[in-house]
Amino acid sequence: MAFEGCRKIWMNGEFVDFEKATVHVLSHVLHYGSGVFEGMRCYDNAKLGPVAFRLSDHTRRLFNSAKVLRMEIPYTEAEIDAAILETLRVNELASAYIRPLVYRGMASLGVDPTPCPVDVMIAAWSWGAYLGPEALAEGVDVRISSWTRMAPNTFPAMVKSVANYLNSQLIRMEANADGYTEGIGLDVNGFVCEGSGENLFIVYKGVLITPVLGNSVLEGITRDCIITLAREMGLEVREQPVPREMLYMADEVFFTGSAAEVTPIRSIDRIPVGKGRAGDVALELQKRFFDIVEGRAEDRFGWLTPVRG
């Protein structure tokens, strides 16, 4: 099964068998993309057992996304946090990817979504390295996409909206069709944004640089972790517009995200990045990240919530 370990799904306050977790074909979300979601991980921590990674931060972003789309979630943040932990316990998952989804259900099919109920589901399943088993150690080959990321005041880039990810699908499918692992989107002014589902960092002249949120970038939670860890290492970190050509000149480029974690990039448009392999800064940040979530280092930032209490 593609969703290994996902036996029960939390739907509107109740656990439903995997096979019975369905929605009506006339649900508003299926026709108009009226939904928001989160992606987060649970790690098997050597000291604490299963831990949800930055649980409350992901839930807060879910509620902020829903707020922008004028969707009132019929639960509190604390209730959603508790439901995520219970979903992990019920499915007996020690390591997992977690997907909360808030969506408009069935009532009417006009463009106006407000007559439709706001439904919530939470699923979790075992999922390894997002961009492939060798990606974390060896890096991936990517291309600059011909598809531009959403322009300001069209789609809200800071919202993790179902509808936004049509753009992400186009970026990813184009890259895969051309023999690349992933694509990188540019904004309407030609500045670097992010991958189809990952934030982006570069190491350039000894400085760690990541695009600013104003360049149609999601405010990534793993992105925030990497900025924190890099500054702790003594690296200078800048959030600034990144021109496309800087990607080719950089010593290192890497992705971050709940799914991708910290994935080095070894080439862009067939041009080697640095030495054409995973870079030292990316690998050190990756190590520090995994040392915390897997229990080899202290959780000094309060990122982990034990699943078993």
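A residue counts as buried when its relative accessible area is under 20%. By that criterion, 51% of the 309 residues of the chain are buried in this predicted model.

**The whole chain**

Begin with the entire chain selected and coloured by secondary structure: eight helices and 17 strands should appear. The C-alpha trace spans about 55 × 45 × 30 Å along its principal axes. A compact globule with 309 residues would have a radius of gyration near 19 Å, and the chain has 19 Å, so the two agree. If contacts between residues at least 6 apart in sequence are drawn, 69% of them join residues at least 24 apart.

**The largest pocket**

Next, display the largest pocket, which has a volume of about 930 Å³. Select Phe37, Tyr97, Arg99, Lys160 and Tyr165, which are the closest to the pocket centre among the 43 residues that line it. Then colour the elements that each give two or more residues to this lining: strands S6 (96–104), S7 (118–125), S10 (192–195) and S14 (252–257), together with helices H5 (165–177) and H6 (221–232). Helix H5 gives the most to the lining of the largest pocket, with six residues. Coloured by class, the lining divides into 21 nonpolar, 14 polar and eight charged residues.

**The second largest pocket**

Move on to the second largest pocket, where the volume is about 330 Å³. Its lining comprises 17 residues, and those closest to the centre are Arg61, Asn64, Met158, Glu219 and Ile221. Two elements give two or more residues here, helix H2 (55–68) and helix H6. Of the elements, H2 gives the most to this lining, with six residues. The class colouring now shows five nonpolar, three polar and nine charged residues.

**Helix H6**

Helix H6 deserves its own selection, since it gives two or more residues to the lining of the largest pocket and likewise to that of the second largest pocket. At 1.5 Å a residue, the 12 residues of H6 should span 16 Å; the C-alpha atoms at its ends are 17 Å apart, which agrees. Show the side chains of Ile221, Thr222, Arg223, Cys225, Ile226, Ile227, Leu229 and Ala230, which are buried. Just after the helix, select glycine 234, where phi is positive at about 95°.

**Leucine 285**

From H6, proceed to leucine 285, located in helix H8 (residues 280–293). Is leucine 285 buried or exposed? Its relative accessible area is 0%, so leucine 285 is buried. Setting aside residues up to four places away in sequence, leucine 285 touches Leu208, Ile226, Leu229, Ala230, Met233 and Phe254. Among these partners, Ile226, Leu229 and Ala230 are buried residues of H6. For a distance check, draw a line from the C-alpha of leucine 285 to that of glycine 185: the two residues are 100 apart in sequence and 24 Å apart in space.

**The cavity**

The last stop is enclosed space. How many cavities of 30 Å³ or more does a search of the whole structure find? The search finds one, and about 30 Å³ of space lies in the largest cavity. Select Asp251, Glu252, Val253, Ile265, Val273, Arg277 and Gly279 to display its lining. By class, this lining has three nonpolar, one polar and three charged residues.

Conventions. Residues are numbered from 1 along each chain as its sequence is written. This is a predicted model: local features need pLDDT of at least 70, side-chain atom pairs count only at pLDDT 80 or more; totals for chains, interfaces and linings use all residues. Side-chain values use heavy atoms; hydrogens and water are left out. Helices (H or I, at least four residues) and strands (E, at least two) are DSSP runs, numbered from the N terminus. Buried means under 20% relative accessible area, exposed over 50%, partly exposed in between (1.4 Å probe, protein chains only). Contact means heavy atoms within 4.5 Å. On a 1 Å grid over the protein atoms alone, a cavity is a set of points where a 1.4 Å probe fits but cannot get out, and a pocket is an open set with protein on both sides within 12 Å along at least five of seven lines; lining residues have an atom within 4 Å of a point. Grid points are joined across faces, edges and corners, and a volume is the space filled by probe spheres set on the points. Ala, Val, Leu, Ile, Met, Phe, Trp, Tyr, Cys and Pro count as nonpolar, Asp, Glu, Lys and Arg as charged, and the others, Gly among them, as polar. The expected span of a helix is 1.5 Å times one less than its number of residues. The radius of gyration is taken over C-alpha atoms; the globule rule is 2.2 Å times the number of residues to the power 0.38.
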